[in-house]
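Trainee: Please take one close look at the largest cavity, then carry on into the parts around it in the chain. What should I look at, and in what order?

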Amino acid sequence: MVPPHAILGADRNEYQAALAADPTGAGLRRIADKAHRLCAGLEDTHAVTIARLHGRVIGAGLALASFCDLRAGAEICRFRMPEVGVGLPPAWGGAMGRLISEAGAARIRELMLTCDVFEAVTAHRLASFTRPHHSTGWTRSSTLGRSPSPEVLAPIKRMLAGYTRADRTADVSLLDSHLLTAHTISTLERSRRG
């Protein structure tokens with residue numbers, strides 16, 4: 001039986017359609033900028049965000065989950081960063097910096113360049129998720145279950161985001177949309193000539 005999938009990644013057809021509609025790449029940059037704003041919104045919101053993951057979590061799906069405060073993954077989860085293997089730069093929502101700060105540059109570099117599938121146990125070790133979701137999870141007895149007041153939660157989330165961003169001081173993720181657009185336009189032009 002094939003498990004249901006959490007998120008299988010970005011829609012490459014959407015990228016091609018955006019370029020077909022506007023060969024300058026402005027539409028594609030808007031799509032990529034939207035991804036960046038979504039991830040920044042998850043990181044900056046006052047609410048605690050929780051990703052409950054199952055099945056395959058691939059590319060942009062892993063990126064999106066990485067911006068949640070807490071991540072719980074089922075044992076059947078399989079993770080992958082396929083961008084290099086499909087010929088795209090890993091430029092979705094600023095996730096590369098977030099993944100590196102959460103899990104470490106050496107391991108993310110290896111997984112990104114090899115496009116290897118990794119399992120829930122590895123994801124847990126890498127902090128891609130914070131606990132298996134077959135466990136009791138975050139219960140009502142935890143502070144989280146008692147819905148802490150926004151007056152307490154908001155500054156704590158800001159502090160955590162600040163420390164997380166500290167090692168991303170030269171955050172180049174703002175250039176993700178430009179990198180993705182330039183690469184996609186170049187690839188499309190080569191295929192037309194080809």
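**The largest cavity and beyond**

Mentor: Start with the volume: the largest cavity encloses about 90 Å³ of space. Keep in mind that this is a predicted model. The structure has 2 cavities of 30 Å³ or more. Rolling a probe the size of a water molecule over the atoms shows where empty space is left.

Now the wall. The lining of the largest cavity counts 13 residues. Nearest the centre are G59, A63, E83, A95 and L99. Two elements each give two or more residues to this lining: α3 (60–66) and α4 (95–103). Sort the lining by class, and you get 11 nonpolar, 1 polar and 1 charged residues. One of the residues nearest the centre is E83, and Glu counts as charged.

Leave the cavity and turn to the sheet. Strands of a sheet pair through backbone hydrogen bonds, either parallel or antiparallel. Here 3 strands make an open sheet, ordered β2-β4-β5, with mixed pairing. The edges are β2 (56–58) and β5, and each of them pairs on one side only. Between β4 and β5 there are 2 bridges, in the antiparallel sense.

Now zoom in on F79. F79 sits in strand β4. Its bridge partner in β5 is F118. The side chains of these two residues also meet. A pair of aromatic rings is described by the distance of the centres and the angle of the planes. The count of aromatic pairs comes to 1. That pair is F79 with F118: stacked, 5.4 Å centre to centre, with 20° between the planes. The label follows from the cut-off, because planes under 30 degrees apart count as stacked. The pair links distant parts of the chain, with F79 in β4 (residues 78–80), F118 in β5 (residues 118–119) and the two positions 39 residues apart. The backbone can be checked as well: the C-alpha atoms of F79 and V117 are 5.6 Å apart, although 38 residues separate them along the chain.

Buried or exposed: where do the two rings fall? F79 has a relative accessible area of 0%, so it is buried. F118 comes to 3%, so it is buried too. The limit for buried is under 20%.

Next, a second pairing, that of β1 with β3. Strand β1 (residues 50–53) runs parallel to strand β3 (residues 70–73), and 4 bridges join them. R52 stands opposite A72 in β3. Side chains alternate along β1. A51 and L53 point to one face and are buried. I50 and R52 point to the other face and are not buried.

Then the cysteines. How many disulfides does a search of the whole structure find? The search gives 0. C39 forms none, because its closest cysteine sulfur, in C68, is 8.8 Å away, too far for a bond. The cut-off is 2.5 Å between sulfur atoms. C39 itself is buried, at 0% relative accessibility. C77 is buried as well, with a relative accessible area of 0%.

End next door to C39, at L38. L38 lies in helix α2 (residues 26–44). At a relative accessible area of 43%, L38 is partly exposed. Its C-alpha atom is 9.2 Å from that of F67, with the two residues 29 apart along the chain.

Note on methods:
Residues numbered from 1 in each chain as written. Predicted model: local features only at pLDDT ≥ 70, side-chain atom pairs only at ≥ 80, totals over all residues. Heavy atoms only, no water. 1 Å grid on protein atoms, 1.4 Å probe; cavity = no way out; pocket = protein on both sides within 12 Å on 5 of 7 lines; lining within 4 Å. Points joined across faces, edges and corners; volume = space filled by probe spheres on them. Phe/Tyr/Trp six-rings, centres within 6.5 Å; stacked < 30°, edge-to-face > 60°. Buried < 20%, exposed > 50% of the residue type's maximum accessible area, 1.4 Å probe, protein only. Pairing = 2+ DSSP bridges.
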